[in-house]
Amino acid sequence: MIAIIDYGVGNLFSLSASLSRLGLESTITRDKDTIQDAHSIILPGVGAFGDAADKLRATGLFDFLRRQAGTGKPFLGICLGMQLLFEKSYEYGVHEGLGLVPGEICPLADDLQTGLKIPHIGWNSLKLLRPDDPLMKYSREGEYVYFVHSYYAKFCEKSLVATAEYEVTVPAVVCNANVWGTQFHPEKSGDVGLNMLRAFGEL
């Protein structure tokens with residue numbers, strides 16, 4: 001069973017529906033016993049980093065999720081959920097992340113020179129740096145996925161699995177041991193995204 005973490009932010013029901021379509025059992029929960037008993041964990045998220053981190057703390061899940069990741073069970077962060085995996089974010093201040101993936105979350109606008117729109121919204125193709133990664137089991141070079149974000153991960157070269165281009169190189173998929181993150185929304189990325197969720201369900 002996959003535990004989808006409910007902490008007040010995230011596309012919980014579209015994600016749950018996608019997993020159900022794949023025949024994967026999941027539950028939307030913030031109950032620690034349920035999360036502990038789950039085979040794997042998905043941390044979704046939309047909105048601002050600091051607010052989301054505060055909500056994780058308010059629900060008592062911030063340190064608990066760190067410990068759960070430490071057990072070795074598969075752990076996936078999606079969009080803002082991916083960003084929360086990193087050590088810190090510079091979104092409206094400086095905020096501590098879960099520290100499960102080395103690196104920092106920085107403003108995309110600071111690194112764009114040609115006037116591309118912020119937030120970055122739309123479909124971008126993937127460059128697979130580690131095609132043998134288990135999450136990429138059903139993925140192919142050049143497939144398109146759907147992004148919505150204004151901040152992106154930096155200083156995380158050792159964790160990169162796949163990237164996309166938006167004038168700058170955007171970390172699209174990262175992995176550190178049993179912890180994965182996707183900057184894009186697999187639940188909004190058609191069959192390509194469903195294939196990644198299928199691969200995650202098989203871990």
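Me: Two strands count as paired if DSSP finds at least two bridges between them. In this predicted model, over how many bridges do E7 and strand E11 pair?

Reply: Strand E7 covers residues 101-107, and strand E11 covers residues 151-154. The two strands run in the antiparallel sense. One position in this pairing is Pro107, which stands opposite Tyr151 in E11. The number of bridges between E7 and E11 is four.

Me: Which residue of E7 is the bridge partner of Lys88?

Reply: Strand E5, residues 86-89, is joined to E7 by three bridges, and these two strands run parallel. Lys88 has its bridge partner in E7. That partner is Glu104.

Me: How many of the seven residues of strand E7 are buried?

Reply: A residue is buried when its relative accessible area is under 20%. Strand E7 is largely enclosed by the rest of the structure, because most of its seven residues meet this condition. The number of buried residues in E7 is six.

Me: How many residues apart in sequence are the parts that Asp6 and Arg30 tie together?

Reply: Asp6 and Arg30 form a salt bridge, with their closest N and O atoms 3.6 Å apart. Asp6 lies in the loop between strand E1 and helix H1, and Arg30 in the loop between strand E2 and helix H2, so the pair ties together separate parts of the chain. Asp6 is partly exposed at 22%, and Arg30 is partly exposed at 41%. The separation in sequence is 24 residues.

Me: In which strand does Lys154 lie, given its link to Asp111 in the loop between E7 and strand E8?

Reply: Asp111 and Lys154 form a salt bridge in which the closest N and O atoms are 3.1 Å apart. The pair links distant parts of the chain, 43 residues apart. Both residues are partly exposed, Asp111 at 24% and Lys154 at 22%. Lys154 lies in strand E11.

Me: Which helix holds both Arg57 and Asp54?

Reply: The side chains of Arg57 and Asp54 meet in a salt bridge at 4.0 Å, N to O. The two residues are three apart, a separation of about one helical turn. Arg57 is partly exposed at 37%, as is Asp54 at 49%. The helix, which spans residues 49-58, is H3.

Me: Which residues are linked with Asp54 and Arg57 in a network of salt bridges?

Reply: A search of the whole structure finds 10 salt bridges. Asp54 and Arg57 form one of them, and both residues also belong to a network. The other members of that network are Asp63, Arg66 and Glu96.

Notes: Residues numbered from 1 in each chain as written. Predicted model: local features only at pLDDT ≥ 70, side-chain atom pairs only at ≥ 80, totals over all residues. Heavy atoms only, no water. Buried < 20%, exposed > 50% of the residue type's maximum accessible area, 1.4 Å probe, protein only.
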